[in-house]
Every structure is written in structure tokens, then in C-alpha cells.
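Trainee: I'd like to practise backing up the words we use for a model. Can we go through one together?

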Amino acid sequence: MKWGILGCANIAINSVIPAIKNSISNEVTAIASRGKDKALKTASALNIPRAYGSYEELLADPDVEAVYIPLPNHLHKQWTIKAAQAGKHILCEKPLALNEKEVEEMIEACDKANVYLAEAFMYRYHPRYIQLKETIRSGEIGEIRGIHSVFTFNNAEDMENVRYKQHMGGGSLYDVGCYPISAARMILENEPEAVTTHAFFSSQHDQVDMMASGLIEFPNQISLTFDCGMWAEFRNSIEIVGSDGKIEVPSAFITMDGKNHFIVTKQGISKVIEVPEVNQYTLQVDSFAQSVYQKQPLPFPSKDAHYNIKVVTACIESAKARKRIEIV
């Protein structure tokens, strides 16, 4: 599959483009930026054949079959719809959009154009989550009693970062809180009923939420407790507590070197479940290409993004109003 990259974001340059290049069924054909010089410089550095000085030019390239969109959150809807109208399949960074209405419009545009749309939660393609869910189904840790997950980092000194601009969809819940929420939904295979969230809104960072902690209520009296932040020590883990044991994923979303494993503890005895070292970004694009070419459903359909943003926006509403929000 021939890919075009809309923008020169760090996530594209450092993670996704190398992953596409190292995959078995994809190649990078073109990259675009708002300025031709930046596109040319990036294309030269990464050995990308074509460079465009506008996103429209890339979308007009008949050889480009799919696009990856790493643009700021508030631009996801606009360029997803334009890409769909140009007949391109789309892998778009998370969150797919800023609210349910935007996601619905994006899905409708892609359905109308008969193109695939996937939200770029790369961690879900890591094989350890298949093994983890098999461990849960086996009954080894008993009934799930709760999940705790964290995703925090500190980049607060980068004052011009798009993550710290309200109108661009900034804030920790949009940027990293969406990961624990997505993971709990995936693990429990269920949708939340209510959320309660508390957040730190920073006057130095355009009043976006720089740290948030939440309680998300799922059916069967199970809850996710989580925290996320962009002005805190780096943390990146999931703990699933069962009636008879627990599962810990120490490097849950961003896989660090040598940390592909998870840990199962029962009656005080722990065992490490080793998983081969993989590039989850590469697995993501290979899975996407396979679905497109075999005309099979995506492992995580675009509708999943609709459910996830519903929870994320409820968390933001809860934090601003300081109250529990029911999800209907």
C-alpha cells in the first residue's frame, strides 16, 4: 500500500514513517507540509520519493492509496473528510476528533466514499493483549474487580506545543487519557455508564487540563480508575485486579526496550509472560493494509472511535463541572 503523510509531526517522523518503511506490505510514497521547503527537507532525510507544499497536492496524487494524519486534533475532521473525498484510505491519530458529532461526520464521509478509516491506537495491535485477554478468559485471575491505568509525561516547558492550545484540542484527556479509557473498553469488552473526573487546568497553558484523575463506571460493578497528565513524571501502565489474582502491564502503551511482557500474580506468586519484541506501529499499518486489500473489517472499526470520544468528552465535562456525568 502506497502511503502519503499529511504533515511532518514528530510522531510521523520518529515512529510511523519508520514503521511503514519496515513493514511487509506498505511503503511511503509522499509527504506534505504547509511549506514546500519543510516537506523537501523531511522527504530527503527519510528517503521519501515525493514532497508536496500543500496537503491538497498530496491528496491529488493518484498513486497515493492511503494517508496517515498526524495533524493537531482540531484538523482531523477536515482532512479526514477531504482525504475520503479524494478516495484515500485513512489512518488518523487519536483522538479521531474532538466530539461525537465530528466523528459521526467523518465516518459518514468515509462510508460514502467507500474508504477505510482507522484511529491510530497502535498499542492495540501488540500481541500481548491477545495473550492477556486469553489469560482473563481462562479464569486464572478470577472475576475482574477493577482496572487501574496511568499515562503521564512532562513536556510542560514547551509552551508553544499544540497540546497546550484549547482551540486545537489540547489537554491531557484528549492526548493521553484516551489510552486508559480505550484499553479498559477493549479489555472489558463493554461500554461505560458514568464518569467522574477531577483535573488541574493550568493558567500557564491556555487553561487546558494538564493532569486529570478519573473514575469510570462499567457494567457489572467494575470500574476503571486512571490518571493522565502532561506535567508529571513519565508513567505508562495497566493493572487488572481480579478476585483471585492480578495482571500488570508495566509498559502498556509506549513499549520500552525489553518491556513487551506482562506479569500475572496469583496467591502472591508472580510469573512473567514473555512476548516477542515487536514494533506495534508496524503491526498497525500491516493490519490496516491487510483489511483494505482483503476487503475485511478492521480489527477496531471506526465506530469504536465514536464510543471512545463519548467517554473522553464526558470526562472533560465532568472535570469542568466538578460532577458525575452519566453516559447515555
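Mentor: Sure, and we start with a term: a contact means heavy atoms within 4.5 Å. Residues 24 or more positions apart make up 67% of the contacts in the protein that have a separation of 6 or more. Keep in mind that this is a predicted model, where local features need pLDDT of at least 70, side-chain atom pairs count only at pLDDT 80 or more, and totals for chains, interfaces and linings use all residues. Residues are numbered from 1 along each chain as its sequence is written, and side-chain values use heavy atoms, with hydrogens and water left out.

Trainee: Why are α4 and α5 called roughly parallel?

Mentor: Helix α4 (residues 76–85) and helix α5 (residues 100–113) pack at about 10 degrees, with axes 9 Å apart. Angles under 35 degrees count as roughly parallel, so α4 and α5 earn that label.

Trainee: Which residues of α4 and α5 meet?

Mentor: His76, Lys77, Thr80, Ile81 and Ala84 in α4 touch Glu102, Glu105, Met106, Ala109, Cys110 and Ala113 in α5. That contact splits into six nonpolar, two polar and three charged residues.

Trainee: What makes the protein as compact as a globular one of its length?

Mentor: The protein has nine helices and 15 strands. Its radius of gyration (taken over C-alpha atoms) is 20 Å, close to the 20 Å from the globule rule (2.2 Å times the number of residues to the power 0.38) for 328 residues, so the description fits.

Trainee: How much of the protein counts as buried?

Mentor: Of the 328 residues, 56% do, with buried meaning under 20% relative accessible area (1.4 Å probe, protein chains only).

How values were computed: Axes are lines fitted to C-alpha atoms, for helices over the stretch in contact, and angles run from 0 to 180 degrees between N-to-C directions. Helices (H or I, at least four residues) and strands (E, at least two) are DSSP runs, numbered from the N terminus. Angles under 35 degrees count as roughly parallel, over 145 as roughly antiparallel, 65 to 115 as roughly perpendicular and the rest as oblique. Ala, Val, Leu, Ile, Met, Phe, Trp, Tyr, Cys and Pro count as nonpolar, Asp, Glu, Lys and Arg as charged, and the others, Gly among them, as polar. Buried means under 20% relative accessible area, exposed over 50%, partly exposed in between (1.4 Å probe, protein chains only).
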